[in-house]
Amino acid sequence: DKASRQEQTRAGSASNEFALDRGVLMQLGELMGEGLGDVITTYLSDTPVQLENIASAIQTGDYAALARAAHSVKSSSHSLGAVVLGKVAEALEVLMRQNGSLDEAARLSASLRVAFDAVAPSLREAAAEELRKRPQEPWQRSALPAFVKGAVRN
């Protein structure tokens with residue numbers, strides 16, 4: 001019914017809102033400076049690959065590959081403040097290191113995708129903000145045309 005759909009929408013937007021700890025992202029930005037946008041962009045392209053690796057490893061029952069991919073997602077997610085995604089990946093890593101159920105791994109894998117979809121828009125926005133703040137490269141500055149004009153005049 002309509003009321004429960006509205007409730008789900010509110011819950012979904014709340015989970016999107018809390019999926020990213022912007023404080024962690026800001027701290028990383030202070031440490032990295034201009035490179036943060038590139039790190040986020042790499043994370044956004046690498047994480048779906050790791051999620052595919054997890055799905056493939058579940059299909060083949062490769063516990064070691066599952067644990068490695070989950071560890072990778074856990075570490076990168078926590079470092080960027082993608083808290084929910086990091087916690088689900090950590091649960092999957094622990095499960096695989098304990099030779100847990102592949103059915104449970106499949107459930108956690110589905111949760112990873114939902115968590116990634118929740119945090120990705122906020123991270124894309126943060127990456128775009130970082131890239132906009134970046135000073136232009138020397139070849140993009142107005143000094144270059146002046147240099148070129150000077151060289152042509154000589």
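A residue counts as buried when its relative accessible area is under 20%, as exposed when that area is over 50%, and as partly exposed in between. Glycine 23 has 36% relative accessibility, so this residue is partly exposed. Glycine 23 belongs to helix α2. Its C-alpha atom is 7.5 Å from that of glycine 81, although 58 residues separate the two in sequence. Glycine 81 itself follows just after α4 and has a positive phi of about 90°.

The model described here is predicted. The chain holds seven helices and zero strands, so to read it from the N terminus on is to pass through the order α-α-α-α-α-α-α. Of its 154 residues, 33% are counted as buried. Among contacts between residues at least 6 apart in sequence, 67% join residues at least 24 apart.

The next topic is the nonpolar core. In soluble globular proteins, nonpolar side chains tend to be buried together. In this chain the largest nonpolar core has 37 residues, and the members that touch the most others are Ile40, Ile54, Leu85 and Leu92. At least two residues of this core come from each of α2 (22-32), α3 (36-60), α4 (63-80), α5 (83-97) and α6 (102-133). Helix α6 gives the largest share, 11 residues. Isoleucine 54 shows what such a position looks like in detail: leaving out residues up to four places away in sequence, it touches Leu66, Ala69, Ala70, Val73, Leu92, Ser109 and Leu112.

Several of these partners lie in α4. Which residues of α4 are buried? They are Ala65, Leu66, Ala67, Ala69, Ala70, Val73, Lys74, Ser77 and Leu80. An α-helix has 3.6 residues a turn, so residues three or four places apart point the same way. The buried residues of α4 pack against α2, α3, α5 and α6. The helix has 18 residues, and from first C-alpha to last it reaches 26 Å, close to the 26 Å expected at 1.5 Å a residue. At its start, a side-chain oxygen of aspartate 62 comes to within 3.3 Å of the backbone nitrogen of alanine 64.

Helix α5 can be read in a similar way. Its 15 residues should span 21 Å at 1.5 Å a residue, and the end C-alpha atoms are 21 Å apart, so the two values agree. Its buried residues are Leu85, Gly86, Val88, Ala89, Leu92, Glu93, Leu95 and Met96. Among the elements that cover them are α3, α4 and α6. Just after α5, asparagine 99 has a positive phi of about 50°.

Helix α6 begins with a cap. A side-chain oxygen of serine 101 lies 3.1 Å from the backbone nitrogen of aspartate 103, and serine 101 thereby caps the N-terminal end of α6. The 32 residues of α6 should span 46 Å at 1.5 Å a residue, and its end C-alpha atoms are 44 Å apart, which agrees. The helix has a kink of about 35° at alanine 120, shortly before proline 121.

Where do α3 and α6 meet through aromatic rings? A pair of aromatic rings is described by the distance of the centres and the angle of the planes. A search of the whole structure finds one aromatic pair. Tyrosine 43 and phenylalanine 116 form it, with 6.5 Å from centre to centre and 50° between the planes, and the pair is tilted. Tyrosine 43 is in helix α3 and phenylalanine 116 in helix α6, 73 residues apart, and the pair thus links distant parts of the chain. Both residues are buried.

Two further residues of α3 add to this picture. Leucine 44 lies in helix α3. Its relative accessible area is 15%, so leucine 44 counts as buried. Apart from neighbours within four places in sequence, leucine 44 is in contact with Phe116, Ala120, Leu123 and Arg124. The C-alpha atoms of leucine 44 and alanine 127 are separated by 9.6 Å, with these positions 83 residues apart along the chain.

Threonine 47 is also placed in helix α3. Why is threonine 47 classed as buried? Its relative accessible area is 2%, and the class follows because the cut-off is under 20%. The side chain of threonine 47 reaches the backbone oxygen of tyrosine 43 at 2.8 Å. Leaving aside neighbours within four places in sequence, threonine 47 is in contact with Leu85 and Phe116.

How values were computed: Residues numbered from 1 in each chain as written. Predicted model: local features only at pLDDT ≥ 70, side-chain atom pairs only at ≥ 80, totals over all residues. Heavy atoms only, no water. Core = buried A, V, L, I, M, F, W, Y, C linked by side-chain atoms within 4.5 Å. Buried < 20%, exposed > 50% of the residue type's maximum accessible area, 1.4 Å probe, protein only. Helix = DSSP H or I, 4+ residues; strand = E, 2+ residues; numbered from the N terminus. Contact = heavy atoms within 4.5 Å. Phe/Tyr/Trp six-rings, centres within 6.5 Å; stacked < 30°, edge-to-face > 60°. Expected span 1.5 Å × (residues − 1). Polar contact = N/O pair within 3.5 Å; in protein donor to acceptor, adjacent residues only side chain to side chain. Bend = angle between axes of the 7 residues up to and from the residue.
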